[in-house]
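Welcome! Let's take a short tour of one structure, stopping at a strand, a pocket and some charged pairs.

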Amino acid sequence: MNSLPGFINISVADEGFCSAPSNSDGYSDSGPMYRKVTNPTLAPSHLRDLPGFTRSVYKRDHALITPESHVYSPLPEWTNTLGAYLITPAAMGSHFVMYLANMQGDNQNDFYCTGNSRSGLPPRDVERFVFVVQGIVTLTNVSGVNHELMVDSYAYLPPNSEHSILCDASATLVVFERRYASLGNHTTEQIVGSTVKQPLLETPGEVFELRKLLPTSPPYDFNIHIMDFQPGEFLNVKEVHYNQHGLLLLEGQGIYRLGDSWYPIQAGDAIWMAPFVPQWYAALGKTRSRYMLYKDVNRNPL
């Protein structure tokens with residue numbers, strides 16, 4: 001196993017960035033799954049006495065966007081939903097967008113969502129991927145088929161497909177959108193699934209666990225990876241490649257290298273990585289790290 005004993009033997013606090021691992025299997029189910037995406041350990045409320053302070057960083061080839069700097073506003077074409085854009089083509093130069101959608105509903109104490117908040121459609125020729133991190137929503141397609149999406153469930157919507165996401169309570173979605181890069185006569189199909197139902201894939205030379213949420217076949221021009229690290233595990237390869245990434249840490253904490261900078265990160269933090277930025281991750285703390293990672297695939301970079 002790849003591990004970092006020099007890092008993880010330092011203990012700051014029980015829930016600190018550098019606390020030592022316990023003898024558990026690295027996963028705690030003492031609360032709702034992904035709860036720290038919306039309620040991070042170092043929450044915005046903890047920084048109220050530090051005016052002007054943020055952990056967020058923006059550079060030419062990467063960005064770290066942390067919860068205390070999220071700016072929410074009504075999402076265009078959505079009803080009763082606030083959004084925070086984390087990655088956009090403007091300034092960053094990404095060819096995709098990544099944002100959080102907080103569907104408000106009218107009953108903040110009820111997780112079951114049936115219709116008061118509603119999604120809009122993306123622009124023409126834009127495909128959409130949604131992943132639920134809090135609450136329950138209902139996805140309806142043009143045929144009237146309904147799918148209930150709970151935490152850890154997701155849906156891929158092909159470009160120009162009629163659909164709506166409904167919620168009458170409280171739900172938080174991670175949304176990726178990009179303009180579809182067509183490839184001959186290939187077409188994509190609607191996909192609804194959950195992480196737990198996806199098989200673990202081989203990762204030669206690495207120790208992390210990997211699941212891919214979309215097919216690897218040529219029609220699909222991006223994929224979403226779910227990557228799990230136990231405390232002390234790290235990427236063996238220091239990656240430098242042409243693919244762009246959008247990352248959201250769903251659980252845990254660790255250290256991310258981006259270029260020549262090293263960043264402590266926690267659940268709820270988002271990262272943008274431009275092509276060819278050096279990148280590397282190590283998991284710290286007492287519980288597993290899990291992140292979701294956007295990656296463009298199956299297309300010639302020209």
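## Strand S19 and its partners

Please keep in mind that this is a predicted model. A good place to begin is strand S16 (residues 245–251), which pairs with S19 in the antiparallel sense through 4 bridges; here Leu248 stands opposite Ala270. Strand S2 (residues 62–65) also runs antiparallel to S19 and is joined to it by 4 bridges, with His62 opposite Met273.

S19 itself spans residues 270–273 and is covered on both faces. Ala270 and Trp272 are buried on one side, and Ile271 and Met273 are buried on the other.

## The second largest pocket

Next comes a pocket with a volume of about 310 Å³, the second largest. It has 19 lining residues, and those closest to its centre are His225, Met227, Glu239, Leu293 and Lys295. Strands S14 (209–212), S15 (222–229) and S21 (289–296) each give two or more residues to the lining. By class, the lining holds 9 nonpolar, 7 polar and 3 charged residues.

## Salt bridges

The model has 11 salt bridges. One of them joins Arg178 and Asp221, at 3.4 Å from N to O. Arg178 lies in strand S12 (residues 171–179) and Asp221 in the loop between S14 and S15, 43 residues apart; both are buried.

Asp228 and Arg211 form another, at 3.6 Å, linking S15 to S14, and both residues are buried. Glu251 and Arg288, also buried, meet at 2.7 Å; Glu251 belongs to S16, while Arg288 sits in the loop between S20 and S21. Through shared partners, salt bridges join Asp152, Arg211, Asp228, Glu251, Arg288 and Arg290 into one network.

Methods: Residues are numbered from 1 along each chain as its sequence is written. This is a predicted model: local features need pLDDT of at least 70, side-chain atom pairs count only at pLDDT 80 or more; totals for chains, interfaces and linings use all residues. Side-chain values use heavy atoms; hydrogens and water are left out. Buried means under 20% relative accessible area, exposed over 50%, partly exposed in between (1.4 Å probe, protein chains only). Two strands pair if DSSP finds at least two bridges between them. On a 1 Å grid over the protein atoms alone, a cavity is a set of points where a 1.4 Å probe fits but cannot get out, and a pocket is an open set with protein on both sides within 12 Å along at least five of seven lines; lining residues have an atom within 4 Å of a point. Grid points are joined across faces, edges and corners, and a volume is the space filled by probe spheres set on the points. Ala, Val, Leu, Ile, Met, Phe, Trp, Tyr, Cys and Pro count as nonpolar, Asp, Glu, Lys and Arg as charged, and the others, Gly among them, as polar. A salt bridge is a side-chain nitrogen of Lys or Arg within 4 Å of a carboxyl oxygen of Asp or Glu.
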